Amino acid sequence: MLLSLLKILFFFAVVLVVSLGAVHLSETGQMLRVEYAGTEYVLTPVKAVVALLVLMVLAWLVFKALGLALAFLRFLAGDETAINRYFARSRERKGYAALGEGMLAVASGEGRLAQDKAAKAEKYLQMPHVTNLLSAQAAEVAGDKARAGQVYRTLLEDDRTRFVGIRGLMRQKMDEGDTATALLLAQKAYALKPKHRELQDTLLDLEMRQNDWKGARQLLKDKRRQGDLPKDVHIRRDAVLALQEASEVLAQGNSISAREAAISANKASPDLIPAAVLAARSYVAQKDYRNASRVLEKTWSVRPHPDVAAAYAEIVPDETPSARLTRFERLIAKNPNDEESRLLKAELLLAAEDFPGARRALGDLAEKHPTVRTLSIMAAVERGEGADDSVVRGYLARALTASRGPQWVCDKCHNVMSDWAPTCDSCGGFDTLTWREPELRNSGVTTTKGAEMLPLLVGGPRHAPATSQSEVVAEPVVEETVTDMPPPEKPKPRRVEVADVAPGMVPRESDYVAVEPARTITTPEPAPARVEPQPQPVVFPADAPRPADEPVLVRPDVVPPEEAEWTEGKSRP
């Protein structure tokens, strides 16, 4: 409100000054005399002021007319004028509109439309660093790789677009599978923009594909220096790359460099099992058994693994089983409660033929966590203690469908690999392998197809043969009707074993029960009847010798034969 009041007061002050000046000019007696070409002009002060204003307006008009004439002459000469600027602004509007529509077409996947809009934008706009980029992206969306590559090569000529051109060509070579050329282009792009994170990851992946472990380690150092990689992650990944570099150098025959790289990798990451094994073997090659044992014992305390135990055994390869058991007690003591330590101790006791000790060392692992290894150890223990063959075969049968235990599993795609590698064979993930038991894809499936037949194939424990002269009938006996014959003496009833299962089901050993045999005898008719001959059954004597390892075969679809008088060692009439 105060500002409005000041504006009003200023306006009245200006009006007052102008009015006072006009009054003063009208009251003064001085006249303005102007003589031109012999003519004298006398003007009052007011007329003089009005004449001055008219002259100023006329002068402005004259200057505008001269400027218009000069612009027309420059237009005719081809110079830039307001008309040119008008048409240029019109072209820019059309070009930017086409550029925006082309970008939307690229985002929506309409390659042909994007190419048309890119050509239109290139026609109206004098901005090749922008329109060429749109043309390359439109060609890629349309599937015209040749056109896209040509445009990317054009972008290399401009400093502002050189990085974009190199990156585009690099991606094309990666899609084509030419990793060698893609690596060279990625290195050039990294030299232009070393802080580009996506390019850093791409370059690291290409270097690992080309086995350029030294370049990959240098790239990790740059990322750590730039603050893009935590210290612990950098130490772990550098250890993995150093281990792989040591493996490559060792394969080339340079054992000294490989030994140093393996030892440095183990010092950087003690829980890296392959690095510990390679470092221990390097110490063994130097006959430094103390440091080899120390490295393996430290790794075993962090993460027990069978490869660590195998390398520990290589320190003294020709020792006796009892001496090896004594020496391994120090390794097992580093992590005694781990499952791998218990399995290792059980295997060492088996080698020393201490079967009760192996059973105690194994404990209840075969029941709580049955794996191929635990069940195989239990089978060996039972065999060593003189158990029945069926018991041993039972453990081996369970081992056929049991879990294989811990393996190298990718944490990213759950791919299972037989040996450790820095990258996963399936998804290409870096340092994603973990020594653990793979997860079951279907938790409801506990056995493989056909596993339910294993108990039948294995059989139960073999018992001593019975003293009675019982016989086993392998084929069914067809009932016969006996007429006009005196009833024979009833033999002493014998008990037979019958499978108590539903029709069509496969019986197990525990399904057989002892029952009294049934008889079917029809009432004799007074009229004579002819007895039809019936098929002769196949009879196997019970006291016939059988191989010791031959399983007892059972026909679940055969009904136990009925007792008849002709089966008691008599021929059928």
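Me: Before we look at this predicted model, what sets the expected span of a helix?

Reply: The expected span is 1.5 Å times one less than the number of residues.

Me: Thanks! How do you know that helix α10 fits that expectation?

Reply: Helix α10 covers residues 213–226 and has 14 residues, so 20 Å is expected, and the reach from its first C-alpha to its last is 20 Å, close to that value.

Me: Which residues of α10 are called buried, and why?

Reply: Buried means under 20% relative accessible area. In α10, W213, G215, A216, L219, L220, D222 and K223 therefore earn the label. Just after α10 comes G227, whose phi is positive, near 85°.

Me: Why are β3 and β4 called paired strands?

Reply: A pair needs at least two bridges, and two bridges join β3 (residues 407–410) to β4, so they qualify. These strands run antiparallel, and V409 stands opposite V416 in β4.

Me: What makes β4 and β5 edge strands?

Reply: The open sheet has the order β4-β3-β5, with antiparallel pairing. β4 (416–417) and β5 (433–436) each pair on one side only.

Me: What does the model show where UniProt places a transmembrane region?

Reply: The unreviewed UniProt entry puts that feature at residues 49–76. In the model this span is 100% helix and 0% strand, and its end C-alpha atoms lie 41 Å apart.

Me: Where is the pLDDT below 50?

Reply: The mean pLDDT of the chain is 76, and 73% of its residues reach 70 or more. Residues 442–493 fall below 50, with 70 contacts beyond near neighbours in sequence. Residues 546–573 are also below 50, with 40 such contacts.

Conventions. Residues are numbered from 1 along each chain as its sequence is written. This is a predicted model: local features need pLDDT of at least 70, side-chain atom pairs count only at pLDDT 80 or more; totals for chains, interfaces and linings use all residues. Side-chain values use heavy atoms; hydrogens and water are left out. Helices (H or I, at least four residues) and strands (E, at least two) are DSSP runs, numbered from the N terminus. UniProt positions are given in the numbering used here, feature names are shortened, and annotations may be inferred rather than shown by experiment. pLDDT is the predictor's confidence in each residue, from 0 to 100. Contact means heavy atoms within 4.5 Å. Buried means under 20% relative accessible area, exposed over 50%, partly exposed in between (1.4 Å probe, protein chains only).
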